[in-house]
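Have the sequence and the 3D view ready, and take your time with each part. We will walk through the fold together, one piece after another.

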Amino acid sequence: MLRVSKKHLGILIVSFVLVSASLAYLLEPDTFGNWFNAFYWVLTTMATVGYGDYFAHSAVGKGFTIFLYIFGIGLLSLVIGKVIDGFGSVHRQRRAGELTFRGKDHIIIINWNRKAQAAVEEIAAYQADLPIVLIDESGQHPMEQLPGVHFVKGDPSDDEVLIKAGITNAKAAIVFADLRIDETSLADGKTLLIVSSIERIAPKVHTTVEILLEKNIQNFRHVQVNEFILSHDAISRLAVRAALQEGNAEVLQQLISRQHGDDLYEVPADPAWSTYADAFHGFLQQGATLLSDRGDLSINRKLGERIPAEARLYVVADEDTYRRIVGGRRTGS
């Protein structure tokens with residue numbers, strides 16, 4: 001079977017139309033008046049529109065028209081078939097995870113499971129237009145109904161797969177433990193291999209990693225992981241606090257989910273503030289509660305200390321309050 005590439009097919013069509021228009025004008029110059037009218041007639045004939053404003057009068061011209069009916073329309077049908085097949089091919093490749101992601105400033109989520117699905121939903125609630133790329137070894141796209149979620153199939157520790165997911169242009173990567181591996185130490189070992197590949201290829205990408213066993217954290221120190229999540233420990237501690245301190249779990253769930261209640265936000269300090277006390281009262285007047293400077297939750301016991309230049313302040317507030325505070329900083333109010 002003869003196979004024609006898209007490039008060659010395009011050249012063939014353009015050449016066919018141009019030659020046909022020139023030939024039609026040469027056969028019946030009085031009918032068309034100029035070459036452009038002949039070109040217009042060829043296109044309307046091939047597209048089966050046939051407005052009737054131009055038509056061949058001579059026997060040779062009518063014979064050429066029949067030629068266009070047979071070969072021109074057939075060629076156009078071939079093009080339409082190629083276009084439809086192309087769309088279908090892209091859809092199949094997207095489902096199979098074979099397409100390379102071309103965007104940037106996206107979030108990469110590695111290893112698909114229920115926690116990864118919850119992460120996608122949380123990102124969508126936090127910033128709906130933020131592109132997400134999933135990397136997993138599963139057979140097909142797990143969330144193909146969402147156009148903003150791209151899927152790359154393959155071993156996430158493979159350089160080629162990471163590059164295909166656009167790791168060098170990514171904003172952050174979240175690595176979940178592969179729960180298909182029964183042995184927790186082996187699962188953490190695979191996670192370590194993945195993170196090592198990411199740090200080697202794209203050291204500036206912010207990495208968040210789920211660890212199944214706390215003792216294995218020491219094995220990750222040399223790869224400069226930005227954040228650790230102790231999966232089993234976090235669930236166990238949340239369950240204990242829910243049992244011993246009623247309502248405690250609800251507060252924590254609000255802080256870790258943007259979809260319910262107040263949330264945790266990083267807010268820039270006002271240049272007019274000198275101490276943590278200034279920041280604490282300033283945020284309080286705007287409806288927010290100062291919680292920490294980076295990971296330091298003890299700043300409410302040292303309100304008299306000066307705010308360092310490298311401070312990163314986190315507050316608890318609702319989204320409207322957060323946007324009002326940030327908007328005020330940007331406008332200088």
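What follows is a tour of two sheets, the helices that pack on them, two single residues and a cavity.

Before we start, keep in mind that this is a predicted model, in which local features need pLDDT of at least 70 and side-chain atom pairs count only at pLDDT 80 or more, while totals for chains, interfaces and linings use all residues. Residues are numbered from 1 along each chain as its sequence is written, and side-chain values use heavy atoms, with hydrogens and water left out.

A few words on vocabulary will help. Helices (H or I, at least four residues) and strands (E, at least two) are DSSP runs, numbered from the N terminus. Strands of a sheet pair through backbone hydrogen bonds, either parallel or antiparallel. Here, two strands count as paired if DSSP finds at least two bridges between them.

Let us begin with the sheet of six strands. This open sheet has the order S3-S2-S1-S4-S5-S6, and its pairing is parallel. At the edges you will find strand S3 (149-153) and strand S6 (227-230), each of which pairs on one side only. From one strand to the next, the twist averages 15 degrees; such angles run from 0 to 180 degrees between N-to-C directions, using axes that are lines fitted to C-alpha atoms, for helices over the stretch in contact. To see one pairing up close, look at strand S2 (residues 132-136), which joins S3 in the parallel sense over five bridges. Within this pair, Asp136 has Lys153 in S3 as its bridge partner.

Now look for the helices around this sheet. Helix H5 (residues 114-126) lies across strand S1 (107-110), S2, S3 and strand S5 (206-211), and runs at about 165 degrees to S1. Helix H7 (residues 184-201) also packs on the sheet, touching S1, strand S4 (172-175) and S5, and its direction makes about 175 degrees with that of S5. Contact means heavy atoms within 4.5 Å.

Next, pick out Ala173, which is found in strand S4. Is this residue buried or exposed? Ala173 is buried, because its relative accessible area is 0%, and buried means under 20%, exposed over 50% and partly exposed in between (1.4 Å probe, protein chains only). Leaving out residues up to four places away in sequence, Ala173 touches Ile108, Ile167, Ile198, Val205, His206, Thr207 and Thr208. Its C-alpha atom is separated by 5.9 Å from that of Ile109, although the two residues are 64 residues apart along the chain.

Further along the chain there is another sheet to explore. Three strands form this open sheet in the order S7-S9-S8, with antiparallel pairing. Strand S7 (263-267) and strand S8 (289-293) are the edge strands, each pairing on one side only. The twist in this sheet averages 35 degrees from one strand to the next.

S7 pairs with strand S9 (residues 313-317) in the antiparallel sense over five bridges. Across this pair, Asp263 stands opposite Ala317, and Tyr265 stands opposite Val315. S8 and S9 are also antiparallel, over four bridges, and there Asp293 has Leu313 as its bridge partner in S9. How many of the residues of S9 are buried? Five of its five residues are. Leu313, Val315 and Ala317 point one way from S9, whereas Tyr314 and Val316 point the other way. Helix H10 (residues 276-285) lies across S7, S8 and S9, running at about 145 degrees to S8.

The loop between S8 and S9 holds Glu305. This residue is partly exposed, because its relative accessible area is 42%. Apart from neighbours within four places in sequence, Glu305 is in contact with Ser274, Thr275 and Tyr276. From C-alpha to C-alpha, Glu305 and Thr275 are 5.4 Å apart, with their positions 30 residues apart in sequence.

Finally, return to lower residue numbers for a cavity, meaning a set of points on a 1 Å grid over the protein atoms alone where a 1.4 Å probe fits but cannot get out; lining residues have an atom within 4 Å of a point. The structure holds one cavity of 30 Å³ or more. Its lining consists of Ala24, Leu27, Glu28, Phe32, Trp41, Ala56, Gly61 and Phe64. Helix H1 (6-27) and helix H4 (59-96) are the elements that give two or more residues to this lining.

Key: On a 1 Å grid over the protein atoms alone, a cavity is a set of points where a 1.4 Å probe fits but cannot get out, and a pocket is an open set with protein on both sides within 12 Å along at least five of seven lines; lining residues have an atom within 4 Å of a point. Grid points are joined across faces, edges and corners, and a volume is the space filled by probe spheres set on the points.
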